[in-house]
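Dear colleague,

Please find below the sequence and the structure that I am handing over to you. My notes on the strands and on the enclosed and open spaces follow.

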Amino acid sequence: GTTAALATALSAVKAEIGAAALGFNIDGRYQCQRLNLAGIYDNAAFTPLRLERSAGSAFDTLHIHFATQLSAAAPVRLAEVAGPNSGALSLRSWLPASAGQRVMIAPDEPGAACTVRTVRSIAAPATAGLPWNVALESETSFTAPLQYLPNASVSLVGDIEQRTIGVNSQGQLELTSSLLGGSAALADNVIAFRVQYGVTDSSGDGVSWVDPSGAWSTLDATNAARVRALRLGLVARAPQRDKQCDA
């Protein structure tokens with residue numbers, strides 16, 4: 001029973017990992033090496049999937065980020081410059097966004113930060129051919145706001161989901177969701193949870209397994225681009241102990 005439960009838990013973790021980076025790949029390229037997201041990221045280094053290992057602990061933690069809207073993969077283009085903390089965006093075409101949803105602005109070339117903003121309203125142009133106007137909510141000012149040039153990508157992300165998978169104080173493998181505001185236990189009586197990155201060498205060949213420690217304790221843009229796979233290990237103790245046989 002314990003073995004079956006662990007197999008089910010690992011299958012669930014695999015499904016969660018498969019959603020990582022949804023909405024952050026623009027035209028097949030990963031654009032957002034840093035992120036501005038009010039209250040969470042302030043022009044900070046960002047990777048949609050990140051491992052965390054605490055010294056002396058048998059438990060690793062897995063952090064996953066993804067967008068909640070599949071249409072994030074179909075961005076439109078800025079028609080005019082979007083200034084620092086701009087209150088509106090001018091778009092070359094319609095974006096299926098509504099009030100309260102979030103949009104992400106990504107630079108035309110990878111490497112700079114992306115910015116996530118909340119939509120207040122969207123209006124069609126009064127004259128055909130003119131830009132669509134997206135009014136944005138006033139949000140916390142970023143310490144290093146960026147100016148995005150025409151042709152930068154704007155995509156509907158809906159919201160950014162942050163999911164964390166790790167072992168809680170009760171020995172359960174637990175999944176926590178930022179949007180749902182709660183957690184769910186995936187497995188009980190866990191005594192070890194380990195995750196490794198499968199990475200290519202500097203020339204992009206082969207795959208070797210590395211722990212999320214030392215040079216890999218954080219993912220910069222160079223290291224993140226080398227990640228090709230994850231390897232997970234989960235160990236649990238069966239609640240039913242072996243019984244001695246007096247015979």
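In this predicted model, three strands make up an open sheet in the order β17-β16-β18, and their pairing is antiparallel. The edges are taken by β17 (208–210) and β18 (227–236); each has a single partner strand, so one side of each is left without a neighbour in the sheet. On average, and with direction ignored, neighbouring strands of this sheet are turned by 30 degrees against each other. The antiparallel pairing of β16 (residues 190–199) with β17 extends over three bridges. Opposite V199 stands S208, a residue of β17.

Strand β18 also bears on the largest pocket: β18 supplies four residues to its lining, which is the largest share. The volume of this pocket is about 350 Å³. Its lining comprises 16 residues, and those nearest the centre are A21, P48, L49, A224 and V227. Sorted by class, 13 of the lining residues are nonpolar, two are polar and one is charged.

A further set of pairings involves β3. Strand β3 (residues 34–37) runs antiparallel to strand β4 (residues 41–45), and four bridges join them. Together, β3 and β4 form a hairpin with three residues between the strands. G39, which lies in the turn, has a positive phi of about 80 degrees. Within this pairing, L35 faces A44 of β4.

Strand β3 also pairs with β10 (residues 113–123), here in the parallel sense and again over four bridges. L35 has C114 as its bridge partner in β10. L35 is thus a point at which both pairings can be followed, with A44 opposite in β4 and C114 as the partner in β10.

As to enclosed space, the structure holds one cavity of 30 Å³ or more. The volume of the largest cavity is about 90 Å³. Among the 14 residues of its lining, G83, N85, T115, R117 and L146 are the closest to the centre. The lining of this cavity is made up of nine nonpolar residues, four polar residues and one charged residue.

When you open the model, I would suggest viewing the sheet β17-β16-β18 together with the largest pocket, given the four lining residues that come from β18. The hairpin of β3 and β4 may then be viewed with the parallel pairing of β3 and β10.

With kind regards

Definitions and conventions: Residues are numbered from 1 along each chain as its sequence is written. This is a predicted model: local features need pLDDT of at least 70, side-chain atom pairs count only at pLDDT 80 or more; totals for chains, interfaces and linings use all residues. Side-chain values use heavy atoms; hydrogens and water are left out. On a 1 Å grid over the protein atoms alone, a cavity is a set of points where a 1.4 Å probe fits but cannot get out, and a pocket is an open set with protein on both sides within 12 Å along at least five of seven lines; lining residues have an atom within 4 Å of a point. Grid points are joined across faces, edges and corners, and a volume is the space filled by probe spheres set on the points. Ala, Val, Leu, Ile, Met, Phe, Trp, Tyr, Cys and Pro count as nonpolar, Asp, Glu, Lys and Arg as charged, and the others, Gly among them, as polar. Two strands pair if DSSP finds at least two bridges between them. Helices (H or I, at least four residues) and strands (E, at least two) are DSSP runs, numbered from the N terminus. Axes are lines fitted to C-alpha atoms, for helices over the stretch in contact, and angles run from 0 to 180 degrees between N-to-C directions.
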